[in-house]
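Good morning, colleagues. Please look at the model on the screen while I go through its helix packing and its cores.

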Amino acid sequence: MPGERLNTAPPTATPVSAASARNILVVLTAVNLFNYIDRFVVPGLAQSLKESPLQLSDARLGLLATGFLAIYALVSPLFGRLGDTRARPRAIAAGVGLWSIATVLGGFATSFVTLLGARALVGVGEAAYGTIAPSVLADCFPLSRRGRVFAIFYAAIPIGGALGYVLAGVMNAHFGWRSAFFVAGIPGLLLTALVLRLPDPPRGAADATPVAASSQNGWQRYRDLIANAPYVITVLGYAAYTFALGGLAWWMPAFLERVRGVPREQASVQIGLIVVVTGFVGTFAGGWLGDVVLRYTRNAYLLVSGIATLLAAPCALVALMATRPTTYMTALVAAELLLFVSTGPINTAIINSVAATERATAMAVSILLIHLLGDVPSPYIVGLLSDARVAAGGTSAAGLQHAVLILPMAIIISGVIWTAGAFAKGPISSRP
């Protein structure tokens, strides 16, 4: 990677061919799928890890997520800079290979420290992919199609997350918790070879106005992002959204088992099925809706995300408060569906708010902030609140029931920021 020239688009450059663009989308989406299978294996194993010889408290279970995400966030700016200045497929492939090996190593963990170390190493590998892949896709497809393209790419999040839950539940039930790490990690090694064969599209070639190589140094790029109000608003709302979504994703299998009395394997499978259906439908609906609303306002992606998230908040509260299975499961489905509507549009909003030569850096800073302010602390905070309630004399179920109620509040904050930002950036009648 060092010494390779920045691949920007000269005035006469054209995007990669339609066939190459589709191939890039397919491969990167497949990688994203296994990325999230890996992430969601651990919360699917949470209750088994708690009862294993590792003897993890709720706070330590939360720290497994916090440790992974903290490293993922902190390393992202390094790869963001590489993504804007060097050839991208090699950096992505290196990350995929690293996180796959680290996932397998998690299956050999003999203590909390060794498991935490393996998950932290996964974070390093995933940072290379998460920061760079969206910038590659943006250089393959024009603005008018990006909502749908990113909907396809980010649909891998709920589908991969659901498969991670299911994989964890099934493998744990039949072969023990260690086997889930082995099965989740190996496919990524095969995908590494496919990524290395991808072309690196010229930066900005799919934009209406192609760009030349940026003369800005690294620090100037970061200063420009801080001064970019639409970008800052989008990322701040995304941080609150990630706080809530990360807490829900990590604790819901344990919540259903411990608080609602759902059998362990059934809890993981139920959450997996809900996530895969609502995520698939919600993500595609959000991408399509964002592209449609774009005909009427340049703030379409932010507006769609804000309204959907505000509607999700009361559904999430009912899902966590109701005791009748039909009520809380229906509310959970509605909440997840509405939350996933934002997945494609909000990432499209980030990409579209910056110059083509700053997209990987913008994604890196976004990843850094949404995780450090969002799902790095949220699983641990929920675990701490749960343990504190138990220490005060409550039951384990009551502790977790009390702790998760902070999550709907974060959903409301996210929706307010995005909706207010969409209206503040211009009238709804304005056209892009």
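The buried residues of helix H8 (177-196) are covered by, among others, helices H1 (18-44), H2 (46-51), H4 (88-106), H5 (112-138) and H7 (156-175). Here contact means heavy atoms within 4.5 Å, and helices are DSSP runs of H or I with at least four residues, numbered from the N terminus. This is a predicted model, in which local features need pLDDT of at least 70 and side-chain atom pairs pLDDT 80 or more, while totals for chains, interfaces and linings use all residues. Residues are numbered from 1 along each chain as its sequence is written, and side-chain values use heavy atoms, without hydrogens and water.

Among the buried residues of H8 (under 20% relative accessible area, 1.4 Å probe, protein chains only) are Trp177, Phe181, Gly188 and Val195. H8 also has a kink of about 25°, centred on Leu190; the bend is the angle between axes fitted to the seven residues ending there and the seven starting there.

I turn to the cores, sets of buried Ala, Val, Leu, Ile, Met, Phe, Trp, Tyr and Cys residues joined through side-chain atoms within 4.5 Å. The largest nonpolar core holds 120 residues, and Leu28, Leu49, Leu64, Ile92, Tyr129 and Phe153 have the most contacts inside it. Helix H10 (residues 229-258) gives this core its largest share, 14 residues. Leaving aside residues up to four places away in sequence, the neighbours that Leu64 touches include Val42, Phe112, Arg119 and Trp250. Apart from the largest core lies another, of 8 residues, including Val293 and Val341.

Note on methods:
Helices (H or I, at least four residues) and strands (E, at least two) are DSSP runs, numbered from the N terminus. Buried means under 20% relative accessible area, exposed over 50%, partly exposed in between (1.4 Å probe, protein chains only).
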